[in-house]
Amino acid sequence: MAHYAFLNENNIVTEVIVGKNEGEDGKSGEDWEAHYGAFRGQVCKKTSYNGNIRKNYAGIGFKYDADLDAFIPPQPFASWTLNNNTAQWEAPVAKPDDGKFYVWDEETISWKEAQE
């Protein structure tokens with residue numbers, strides 16, 4: 001079982017479906033991306049839960065970046081920058097690693113200890 005993401009004209013994921021693996025049904029080398037894309041009339045890209053391909057599992061609202069061949073989640077905060085190696089957004093300040101829970105405060109560009 002494989003998963004495929006459909007993209008709109010801006011390369012934003014609009015839907016993710018379960019589909020066939022390459023070679024399933026005895027059709028060796030079947031290009032299921034092309035098949036599903038032609039059927040729906042949208043660009044279709046394979047995605048993977050474990051990040052084996054395209055760095056991140058596609059989700060609705062993610063953007064597909066052809067240069068990175070990666071699905072990129074929406075930017076969580078304006079101050080965060082994209083790590084091109086992981087296709088993940090990173091805070092400008094490292095999150096404390098002291099076992100406490102923290103939330104990002106965009107106003108002060110810092111991590112604040114979460115209050116219960």
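At 0% relative accessibility, F71 counts as buried, which makes this residue a handy place to start looking around. Keep in mind that you are looking at a predicted model. F71 sits in strand 5, which covers residues 70-72. Now look for A5: it is 66 residues away from F71 along the chain, yet the C-alpha atoms of the two are separated by 9.6 Å.

## The whole chain

Let's zoom out. The chain has one helix and nine strands. If you walk along the sequence, you meet them in the pattern β-β-α-β-β-β-β-β-β-β.

What about the overall dimensions? Along its principal axes, the C-alpha trace spans about 55 × 30 × 25 Å. The radius of gyration is 18 Å, whereas a compact globule of 116 residues would have one near 13 Å. Of the 116 residues, 30% count as buried. The accessible surface comes to about 7,400 Å², and carbon and sulfur atoms account for 49% of that. Contacts tell you something too: among those between residues at least 6 apart in sequence, 36% join residues at least 24 apart.

## The helix

Helix 1 runs over residues 32-40, and W32, Y36 and G37 are buried in it. Where do these buried residues fall when you look down the axis of helix 1? They fall within an arc of 130°, so they line one face of the helix. It helps to know that an α-helix has 3.6 residues a turn, so residues three or four places apart point the same way. What covers the buried residues of helix 1 includes strand 1 (2-7), strand 2 (13-19) and strand 3 (43-47).

Check out the ends as well. At the N-terminal end, D31 caps helix 1, with a side-chain oxygen 3.3 Å from the backbone nitrogen of E33. After helix 1 comes G41, which has a positive phi near 75°.

## The loop after strand 3

Next, find S48 in the loop between strand 3 and strand 4 (63-65). Is S48 buried or exposed? With a relative accessibility of 12%, S48 counts as buried, because the cut-off for that is under 20%.

The side chain of S48 has polar partners close by in the sequence. One polar contact, of 2.5 Å, joins the side chains of S48 and N50. A polar atom of the S48 side chain also lies 3.2 Å from the backbone nitrogen of N52. If you leave aside neighbours within four places in sequence, S48 is in contact with I53, N56 and Y57.

K55 is in this loop between strand 3 and strand 4 too. K55 has a positive phi of about 60°, although it is not a glycine. Its relative accessible area is 34%, so K55 is partly exposed.

## Strand 6 and N83

Moving along, N83 lies in strand 6, made of residues 81-83. N83 is buried, with a relative accessible area of 18%. The side chain of N83 reaches the backbone nitrogen of N85 at 2.7 Å. Setting aside neighbours within four places in sequence, N83 is in contact with Q88 and E90.

Here are the side-chain-to-backbone links described so far, side by side:

| Side chain | Backbone nitrogen | Distance |
|---|---|---|
| D31 | E33 | 3.3 Å |
| S48 | N52 | 3.2 Å |
| N83 | N85 | 2.7 Å |

## The hairpin

Finally, have a look at strand 8 (residues 102-105). Which residues make up its covered face, and which its uncovered one? Y102 and W104 are on the covered face, while V103 and D105 are on the uncovered one.

Strand 8 runs antiparallel to strand 9 (residues 110-113), and four bridges join them. To trace the pairing, start at W104: its bridge partner in strand 9 is W111. V103, in turn, stands opposite K112 in strand 9.

Together, strand 8 and strand 9 form a hairpin with four residues between them. One residue to spot in the loop between strand 8 and strand 9 is I109. I109 has a positive phi of about 50°, although it is not a glycine. At 31% relative accessibility, I109 counts as partly exposed.

Key: Residues are numbered from 1 along each chain as its sequence is written. This is a predicted model: local features need pLDDT of at least 70, side-chain atom pairs count only at pLDDT 80 or more; totals for chains, interfaces and linings use all residues. Side-chain values use heavy atoms; hydrogens and water are left out. Helices (H or I, at least four residues) and strands (E, at least two) are DSSP runs, numbered from the N terminus. Buried means under 20% relative accessible area, exposed over 50%, partly exposed in between (1.4 Å probe, protein chains only). A polar contact is a pair of N or O atoms within 3.5 Å; within protein, one must be able to donate a hydrogen and the other to accept it, and residues adjacent in sequence count only if both atoms are side-chain atoms. Contact means heavy atoms within 4.5 Å. The arc is that of the directions from the helix axis to the C-beta atoms. Two strands pair if DSSP finds at least two bridges between them. The radius of gyration is taken over C-alpha atoms; the globule rule is 2.2 Å times the number of residues to the power 0.38. Accessible areas come from the Shrake-Rupley method with a 1.4 Å probe; for residues, only the protein chains shown count as cover.
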